[in-house]
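Hi,

Here is the structure I said I would pass on. Have a look at it first, and my notes follow underneath.

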Amino acid sequence: MAQESPRNSAAEIAVTSNGEVDDSHEHGFNKDLKHSLPAGLGLSETQITSHGFDSTKEGVIEAGAYQGGQRTQTKSGPVILADEIKNPAMEKLELVRKWSLNTYKCTRQIISEKLGRGSRTVDLELEAQIDILRDNKKKYENILRLAQTLSTQLFQMVHTQRQLGDAFADLSLKSLELHEEFGYNADTQKLLAKNGETLLGAINFFIASVNTLVNKTIEDTLMTVKQYESARIEYDAYRTDLEELNLGPRDANTLPKIEQSQHLFQAHKEKYDKMRNDVSIKLKFLEENKVKVLHNQLVLFHNAIAAYFAGNQKQLEQTLKQFHIKLKTPGVDAPSWLEEQ
């Protein structure tokens, strides 16, 4: 007698007369499977949907979190990364790479020029003006240093004359027999000290004006000259790279490099032309300003020195008024910022 093999109801697949799968048995299988699992395991509900044999669709397995007999499906989609989101670390790395490459090219260009192997772009007229400016700056610095020495020595002499005048005045009061003689010398020394202070004010004004011209105006122009020279080195470095690539073979690998080198060369050429134009304009304005400033200061210095040693006190005071120079009264401190308010 043939024994019937034990069957599980979950393994039965009911098929209708037209070959379609009966869904009622499928739902029963899912229900039995849920009851057979231990409670509290937190497993996701699984539903297996079958299709007809003649269907071209594949079986679909849907998974969802089991929540009180209800199934919730999790929706997912493709992850899109926006192009505008950039990594700061990668940006810094790219900047360091470009800076290193540019520094290498410029250093190679400088070494080639010093060894006489590389060519350099030269603007003869502009280079001559820059050399004259640097030479004049050294000469003006020497004049400024000597004028400061003269001011220091004159200050010491004025201070000594003032003390000597006070000593003569004191002896004039205590020595009755030499009262007039000490008095004359006291007046003379005090007058010399006063004229010396006036001359000192003119010299200090001269020093301040020349110092502004040398250490601010000329220095600012020389800073622009340094930027121009750096732009010139970069221009020559990328020009040399482009010339070397053009002398080489032209194929699919070298053409993109030549095109990129041409683009970089054009960018640095525009920068070089701009800096050369800026230097030319600043040199022109500097020359005009220098002539105007030095003309006034040299006239002041000459008139003040001449009036002082001629003993012409009125002419000396008139010279200071002409250039709107105000002297500081000896022994009177400058007002504090609270008093100025």
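Let me begin with one of the coiled-coil stretches: residues 258-289 are 100% helix and 0% strand, and the C-alpha atoms at the two ends sit 46 Å apart. Do keep in mind that this is a predicted model. The label itself comes from UniProt, where an unreviewed entry gives "coiled-coil region" for residues 123-150 as well as for 258-289. In the model, residues 123-150 come out as 96% helix and 0% strand, with 41 Å between the end C-alpha atoms.

Now the overall picture. The chain has 7 helices and 3 strands, and from the N terminus the order is α-β-β-β-α-α-α-α-α-α. Of its 341 residues, 25% count as buried. The exposed area of the chain is about 25200 Å², with carbon and sulfur atoms supplying 56% of it. If you take the contacts between residues at least 6 apart in sequence, 68% of them join residues at least 24 apart.

Next, the aromatics. I found 6 aromatic pairs in the structure. One of them is Phe-168 with Phe-182: the ring centres are 6.1 Å apart and the planes make an angle of 35°, so this pair counts as tilted. It links distant parts of the chain, since Phe-168 belongs to helix H3 (residues 124-174) and Phe-182 to helix H4 (residues 179-247), with their positions 14 residues apart in the sequence. Are these two rings' residues buried or exposed? Phe-168 has a relative accessible area of 19%, under the 20% cut-off, so it is buried. Phe-182 is at 17%, so it is buried too.

Another pair is Tyr-235 with Tyr-272, and this one is stacked, at 5.0 Å centre to centre with 5° between the planes. Here the link runs from Tyr-235 in helix H4 to Tyr-272 in helix H5, 37 residues apart. Both Tyr-235 and Tyr-272 are buried. They also belong to one aromatic cluster, together with Tyr-228 and Phe-265.

Helix H5 covers residues 254-309, and Phe-309 is in it. Unlike the buried aromatics above, Phe-309 is exposed, because its relative accessible area of 65% is over the 50% cut-off. Its C-alpha atom is 9.8 Å from that of Gly-196, although the two residues are 113 apart along the chain.

Last, helix H6 (residues 313-322), which I went through residue by residue. Which residues of H6 are buried? They are Leu-316, Thr-319 and Leu-320. These three span an arc of only 95° around the axis, so they lie on the same side of H6. That fits the usual geometry: an α-helix has 3.6 residues a turn, so residues three or four places apart point the same way. The cover over the buried residues of H6 includes H4 and H5. On the face turned away from that buried side you will find the exposed residues Lys-314 and Lys-321.

The two ends of H6 are worth a look on screen. At its start, a side-chain oxygen of Asn-312 comes to within 3.5 Å of the backbone nitrogen of Lys-314. After H6 comes His-324, which has a positive phi, near 55°.

Cheers

Terms used. Residues numbered from 1 in each chain as written. Predicted model: local features only at pLDDT ≥ 70, side-chain atom pairs only at ≥ 80, totals over all residues. Heavy atoms only, no water. UniProt positions renumbered as here; feature names shortened; annotations may be inferred. Helix = DSSP H or I, 4+ residues; strand = E, 2+ residues; numbered from the N terminus. Buried < 20%, exposed > 50% of the residue type's maximum accessible area, 1.4 Å probe, protein only. Phe/Tyr/Trp six-rings, centres within 6.5 Å; stacked < 30°, edge-to-face > 60°. Contact = heavy atoms within 4.5 Å. Areas by Shrake-Rupley, 256 points an atom, 1.4 Å probe, with all protein chains shown as cover. Arc of directions from axis to C-beta. Polar contact = N/O pair within 3.5 Å; in protein donor to acceptor, adjacent residues only side chain to side chain.
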